[in-house]
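Welcome, and thank you for opening the viewer. Let us walk through this structure one selection at a time.

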Amino acid sequence: MSGKEEVSGARGGLFGAGGRFKGGTDPIMEKFNESIGFDKRMWAQDIRGSIAYAKATTLVGILTPEESSTIISGLEKVHAEWASDTFVIQPGDEDIHTANERRLTEIIGPEVGGKLHTGRSRNDQVATDTRLWIVDAERDILKDIGTLLEGACEFATTHIDVLMAGYTHLQPAQPIRFSHWLMSHMAAITRDAERLRELIPRANMCPLGSGALAGNAFGVDREFLAKELGFDGVTSNSIDSVCDRDFVVEFLMWHSLLLTHLSQLAEDLIINNMLKCVEMDDAYATGSSLMPQKKNPDALELLRGKAGVALGRSVGLMATLKGLPRAYNKDLQEDKVPLFDAVDTVKDCLAIATGVIVTMKPNPKMLMKALCPEMLATDLADYLVRKGVPFRETHHISGACVRLAEESGVSIDTLTLEQLQNIDARFEADVLNVWNYEVSVERKSSIGGTAKARVVEQIKKCSAFAKTL
């Protein structure tokens, strides 16, 4: 024995016995405490932050230019190991920060490697890594949304002449274009993209140089750090810098809304698939282990199911944050798993939704079959409005026509001119032209309407927006 106390559990090379702690940790505690299993995803961001910090500490004389060069060269070697999947995580590598610093020290030695962390805390380090990671992820997701929108726009253009039944309360309402229906979902996805772009500037602020909570004791230039790392600016308060997870919560809230919108799209398609109005490609369906005829829209059902889990992630982290005292607490480690899961889920769902849309096949015959003349009851009311009759009056007149058809057991479009004139004498022979779905659709010609020209406008606007993402 060398006189040092024997320890029963490892603390790793950076937090070993002989400092504040007399002995090792309980192995169960060590496993409970570590985050390397999931935060290793931030290896590249962690190395970027360390390289920038080495440069910043060189500027204030903590490192010599030679030491800085040695550290940066060593970090580049660590980066190469991660990139080639040859980095070996060792016992005691509690998190990505300690793993990278441990390996750096092995490569360049502790005399120089031990200087890197001067004035820095894992508190501002993890906040920096997470912000860098989430901004990278958000920018990638915007590209994925752009792909979805462009695919939907191409599909809508191809099927611009297909009509379908529009529903409210899941009851037949008015005829619309199939492309108009699809673009209604893309309007929601467009808002999601706009919201996500608005999150990035708030997330893209540099907390590095805040230390554990009180700031940096060596006067590092935080604006230099921000510029070096591609941040838009620096966070304003060192205490808030290390405990702020608003940018994570905002993303989780955002992803729950995006997945809600994708869930609504999925539900619409599930219903239309059931009615044989839309056919899903085999690539996004599964069969039954018992019933040979089954073709289940599992991709859509999973899209629908992911939304509930997404909401749980958002609420869960909010519950974790609500009782925390100021500055860093280890509870904040629990932000990573829901964040990483959220990003993975969003990217998967966007890819699946894109695939479903570009490969599905509308069935014009069945879509037309779902149309019914009663959907033109509003057009019947509008017919009299154009003759100067107040809408509130025409609404009742059209309703009386609907009732007559129901009581007679016939379709409303088979009512004779005489029957219509018995309800209101202002009906004339041209009223029979009302029973035309295409004419009805084309009359909805205001901005955002279902007339062909207006749907084309929506498609062009959406496509142009997608190209900006």
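## Start at a surface loop

Begin by selecting F218, which sits in the loop between β3 (205–206) and α9 (222–229). One thing to keep in mind from here on: this is a predicted model. F218 is partly exposed, and its relative accessible area is 40%. Now add L59 and V60 to the selection. Together with F218 they make a nonpolar patch on the surface, with about 270 Å² of accessible area among the three residues.

## A hairpin

Next, select residues 163–168, strand β1, and residues 171–177, strand β2. The two strands run antiparallel and pair over six bridges. To see how they line up, pick L163: the residue opposite, in β2, is R177. Then go to the turn, where two residues lie between the strands of this hairpin. Here H169 takes a positive phi near 60°.

## Two loop residues with a positive phi

Most residues other than glycine have a negative phi, and most peptide bonds are trans. With that in mind, two more stops are worth a visit.

Select K276 first, in the loop between α11 and β5 (278–279). Its phi is positive, about 65°, although K276 is not a glycine. Is K276 buried or exposed? K276 is exposed, with a relative accessible area of 57%.

Now move to A327, in the loop between α12 and α13. A327 is not a glycine either, yet it has a positive phi of about 75°. Unlike an exposed residue, A327 counts as buried, at 10% relative accessibility.

## Into the core

Time to look inside. How many residues does the largest nonpolar core have? The number is 69, and M186 and F251 are the residues with the most contacts inside this core. Colour the elements that give two or more residues to it: α7 (122–158), α8 (178–203), α11 (246–274), α12 (298–321), α13 (336–359) and α19 (452–466). Of these, α7 gives the most, with 14 residues.

Stay on helix α7 for a moment and select T147, which belongs to this helix. T147 counts as partly exposed, at 47% relative accessibility. If you draw a line from the C-alpha of T147 to the C-alpha of L332, it spans 34 Å, and the two residues are 185 apart in sequence.

## The cysteines

A disulfide is a covalent bond between the sulfur atoms of two cysteines. How many disulfides does the structure hold? The count is zero.

Two cysteines show why. Select C153 and find the closest cysteine sulfur, which is in C462: the sulfurs are 3.5 Å apart, too far for a bond, since a disulfide needs them within 2.5 Å. C153 itself counts as buried, at 3% relative accessibility. Then try C372, where the closest cysteine sulfur belongs to C277, at 12 Å, again too far for a bond.

## Salt bridges

Side chains of opposite charge can pair when their charged atoms come close. In this model the count comes to 31 salt bridges, and a few make good stops.

Select E393 and R426. They form a salt bridge, with the closest N and O atoms 2.6 Å apart. This pair links distant parts of the chain: E393 is in helix α16 (residues 391–408), R426 is in the loop between α17 (417–423) and α18 (437–443), and 33 residues separate them. E393 is partly exposed, with a relative accessible area of 34%, and R426 is also partly exposed, at 34% relative accessibility.

Keep R426 selected and add D424. Their side chains meet in a salt bridge too, at 2.9 Å from N to O. What is the state of D424, buried or exposed? D424 is buried, with a relative accessible area of 9%.

For the last stop, select E81, D93, R102, R103 and E106, which salt bridges with shared partners join into one network. Within this group, zoom in on D93 and R102: their closest N and O atoms are 2.5 Å apart in a salt bridge, and both residues are buried.

Terms used. Residues are numbered from 1 along each chain as its sequence is written. This is a predicted model: local features need pLDDT of at least 70, side-chain atom pairs count only at pLDDT 80 or more; totals for chains, interfaces and linings use all residues. Side-chain values use heavy atoms; hydrogens and water are left out. Patches are made of residues with over 30% relative accessible area and no salt bridge: like charges are joined within 9 Å, nonpolar side chains (Val, Leu, Ile, Met, Phe, Trp, Tyr) within 5 Å. Accessible areas come from the Shrake-Rupley method with a 1.4 Å probe; for residues, only the protein chains shown count as cover. A salt bridge is a side-chain nitrogen of Lys or Arg within 4 Å of a carboxyl oxygen of Asp or Glu. Helices (H or I, at least four residues) and strands (E, at least two) are DSSP runs, numbered from the N terminus. Buried means under 20% relative accessible area, exposed over 50%, partly exposed in between (1.4 Å probe, protein chains only). Two strands pair if DSSP finds at least two bridges between them. A nonpolar core is a set of buried Ala, Val, Leu, Ile, Met, Phe, Trp, Tyr and Cys residues joined through side-chain atoms within 4.5 Å.
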